[in-house]
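Okay, thanks for making the time, everyone. Let me put the structure up, and then I'll walk you through a few spots in it.

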Amino acid sequence: SNYQILCSSLLSGFEFISSNRVKVINTDHNKITSINEYYYEVDLKLSYINIFSNENSIRDRVYSIELNSLRVDVWTMTGGGFTTREMFPIGNCEFVQINNFLSYIDSLK
């Protein structure tokens, strides 16, 4: 906890608030910011942070963050099952420590 992943050019980020909870902050094209809380789990073997809508439910995966590049993928349902789509490409996000994360993102608008 107390770490965040900031994607400043996209006005979005991930604020890790406990050992298994994360706030996901997204800003749309109209600069409207939304915050949702999810569960997360770190998979050190595969170097990913997996974010779920429900605790301990692999089928409810919403995002995956690759730890080495901080590429963010969103999980979606397709005709072939669950698959990922790149949401934030490599180089758009970084680890930061900011006291008031939401205010900081709002100040970037």
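So, one thing before we dive in: this is a predicted model. Let's start at glutamate 15, which sits in strand β2, the stretch covering residues 12-16. Is glutamate 15 buried or exposed, and which side chain of opposite charge is nearest? It's buried, and the nearest one belongs to lysine 23, 4.8 Å away. A salt bridge here would need a side-chain nitrogen within 4 Å of a carboxyl oxygen, and glutamate 15 has no salt bridge. As for who touches it, skip the neighbours within four places in sequence and you get Tyr3, Gln4, Arg21, Val22, Lys23, Ile25 and Phe101.

Let me zoom out for a moment. The protein has one helix and nine strands. Reading from the N terminus, the order is β-β-β-β-β-β-β-β-β-α. There are 109 residues, and 36% of them are buried. The exposed surface comes to about 6400 Å², with carbon and sulfur atoms supplying 46% of that. And if you take contacts between residues at least 6 apart in sequence, 31% of them join residues at least 24 apart.

Now, the inside. How many residues does the largest nonpolar core have? It has 17, and the ones with the most contacts inside it are Ile5, Phe14, Val22, Ile51, Tyr63 and Ile65. The elements that put in two or more residues are β1, β2, β3 (21-27), β4 (33-43), β5 (48-52) and β6 (61-66). Of these, β6 gives the most, with three residues.

Take valine 22 from that list. Again leaving out neighbours within four places in sequence, valine 22 is in contact with Phe14, Glu15, Phe16, Ile17, Asn36, Glu37, Tyr38, Tyr39, Tyr40 and Ile51. So our glutamate 15 turns up again, as one of the residues valine 22 touches. There's also a second, separate core of seven residues, and Ile25, Val96, Ile98 and Ile105 are among them.

On to the disulfide. The structure holds one, and it joins cysteine 7 to cysteine 93, with the sulfurs 2.0 Å apart. Which parts of the protein does the pair tie together? Cysteine 7 is in strand β1 (residues 4-7), while cysteine 93 is in the loop between β8 (81-88) and β9 (94-96), so the link connects parts that are 86 residues apart in sequence. The torsion about the S-S bond is about 100°, so this disulfide is right-handed. Both cysteine 7 and cysteine 93 are buried.

Last stop, the helix, α1, which spans residues 101-108. Leucine 102 is found there, partly exposed with a relative accessible area of 29%. Outside its neighbours within four places in sequence, leucine 102 contacts Ile25, Thr33 and Ile35. You may remember Ile25 from the second core. How far is leucine 102 from glutamate 15? They're 87 residues apart in sequence, and their C-alphas are 9.0 Å apart in space.

Further along α1 we have aspartate 106, which is partly exposed too, at 36% relative accessible area. From aspartate 106 to threonine 27 it's 79 residues in sequence and 9.2 Å in space, C-alpha to C-alpha.

That's my tour, happy to go back to any of these spots.

Conventions: Residues numbered from 1 in each chain as written. Predicted model: local features only at pLDDT ≥ 70, side-chain atom pairs only at ≥ 80, totals over all residues. Heavy atoms only, no water. Helix = DSSP H or I, 4+ residues; strand = E, 2+ residues; numbered from the N terminus. Buried < 20%, exposed > 50% of the residue type's maximum accessible area, 1.4 Å probe, protein only. Lys, Arg positive; Asp, Glu negative; His and termini not counted. Contact = heavy atoms within 4.5 Å. Disulfide = S-S within 2.5 Å. Areas by Shrake-Rupley, 256 points an atom, 1.4 Å probe, with all protein chains shown as cover. Core = buried A, V, L, I, M, F, W, Y, C linked by side-chain atoms within 4.5 Å.
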